[in-house]
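Me: I am new to this structure. Please pick one part, go through it closely, and explain each term where it comes up.

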Amino acid sequence: MADPQTPAPDLAQALAALRSPDQYFLQIAQSDAELAQQLAHFDALGRGMAAALNSRDIEGGGWTHSITPARWGNVRVEHRDGMHFEFKHHGSYRKGAAGRRLEVKAGYPHGYSGWHAQPITVSMDRDPHAIAVDVLRRLMPSYRATLQSGLDEARRNEAQRRARIEVNRLIEQVVPGVHGIGGLDPRSAPDRDTSYWPGSAHVPGGQDALPVGGRVILRPDASEVELRLRSVPPALALELLEYLRRRSVVAGQEDRPLPRARVIVGELEAGRGGQGASAPGGHAERRS
């Protein structure tokens, strides 16, 4: 007598094709005859589709399949270079042949928002080789025509992601206390586009830090950086502005160094025509 804990050969094959199943689903699949039969059916469909595409040398071969661990059919037949088809069984509640149809969608890189090839439907009871012929005739031409845009966009996105990682790495060397949105450890989101740092945290031992906090926002390709500072002492702010002026970043300034001045609350600052006087109890206003 067969061991009840040992799955039948067809089910064992199907379980091996599952994508990241948890232990609970594996146990249910071995005790629920209906689920086991469904998994075996979709495993055979995916296996047969991959074999049909490989036998026709579509995209040079290299097709495999996998199954989502769920109670509805969700099979992926994928190529080693990223092309893939998804077979989804959404209509099991329908009666007759309508409840035995699969939606076939062409797969694109994650995040691609351009034009997609329109899905088709096929009967889940047809021979996998016949389904493969249908997919190649009805879906593959429009898929090939649109996939390149998705792959090009994915390559651009990856190049931009790597650029953000490099700029963030350099920022972390200058500001050891930097962190991502929500306090994330930079190591968990190295390609983030926004970072923060607290004013006085994580300074080298024996050194003092001004209570200046900040926010760094990168363009998607890291070609530009938006920098926002808070709690900046006036003397430091003037020094930063002077540095930016020397680099021709700030427009509309006279081409002369900013005078060093000490501004005290309530103190009148000399100016032309009486300009520059502070309001009672306020800060003097510097004009240039």
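Reply: In this predicted model, helix 3 (residues 33-55) and helix 4 (residues 128-138) have axes that come within 8 Å and cross at roughly 60°. Helices here are DSSP runs of H or I with at least four residues, strands are DSSP runs of E with at least two, and both are numbered from the N terminus. Axes are lines fitted to C-alpha atoms, for helices over the stretch in contact, and angles run from 0 to 180 degrees between N-to-C directions. The angle makes helix 3 oblique to helix 4; under 35 degrees counts as roughly parallel, over 145 as roughly antiparallel, 65 to 115 as roughly perpendicular, and the rest as oblique. The crossing of helix 3 and helix 4 is right-handed. A crossing has that hand if the near helix is turned clockwise from the far one by less than a right angle, and is left-handed if anticlockwise.

On the side of helix 3, A44, L45, G48, M49, A52, L53 and S55 make the contact, and P128, H129, I131, A132 and L136 do so from helix 4. Contact means heavy atoms within 4.5 Å. The residues of this contact comprise 9 nonpolar, 3 polar and no charged. Ala, Val, Leu, Ile, Met, Phe, Trp, Tyr, Cys and Pro count as nonpolar, Asp, Glu, Lys and Arg as charged, and the others, Gly among them, as polar.

Residues are numbered from 1 along each chain as its sequence is written. Local features need pLDDT of at least 70 and side-chain atom pairs count only at pLDDT 80 or more, while totals for chains, interfaces and linings use all residues, and side-chain values use heavy atoms, with hydrogens and water left out.

Helix 3 also meets helix 2 (residues 23-31), packing at an angle of about 100° with the axes 5 Å apart. That makes helix 2 roughly perpendicular to helix 3. F25, I28, A29 and S31 of helix 2 touch A33, L35, A36 and L39 of helix 3. Sorted by type, the residues of this contact are 7 nonpolar, 1 polar and no charged.

Helix 1 (residues 9-16) is another partner of helix 3: their axes come within 8 Å and cross at roughly 70°. Helix 1 is therefore roughly perpendicular to helix 3. This crossing is left-handed. From helix 1, D10, L11, Q13, A14 and L15 meet A36, L39, A40, D43 and R47 in helix 3. The residues of this contact divide into 6 nonpolar, 1 polar and 3 charged. A36 and L39 of helix 3 thus appear in the contact with helix 2 and in that with helix 1.

Next comes the sheet on which helix 3 packs. Strands of a sheet pair through backbone hydrogen bonds, either parallel or antiparallel. This one is an open sheet of 5 strands in the order 1-2-3-4-5, with antiparallel pairing; two strands pair if DSSP finds at least two bridges between them. Strand 1 (63-67) and strand 5 are the edge strands, each pairing on one side only. From one strand to the next, the twist averages 25°. Strand 1 is joined to strand 2 (residues 74-79) by 5 bridges, and T64 stands opposite E78 in strand 2. Helix 3 touches strand 1, strand 2, strand 3 and strand 4, and its direction makes about 165° with that of strand 1.

Strand 3 (residues 84-88) and strand 4 (residues 101-107) run antiparallel and share 5 bridges. F85 has A106 of strand 4 as its bridge partner. Strand 4 in turn pairs with strand 5 (residues 120-123) over 4 bridges, again in the antiparallel sense, with V104 bridged to I120 in strand 5.

How far can the model be read? The protein averages a pLDDT of 82, and 79% of the residues score at least 70; pLDDT is the predictor's confidence in each residue, from 0 to 100. Over residues 261-288, pLDDT stays under 50, and the model has 30 contacts beyond four places in sequence for them. Where pLDDT is low, the predicted coordinates should not be read in detail.
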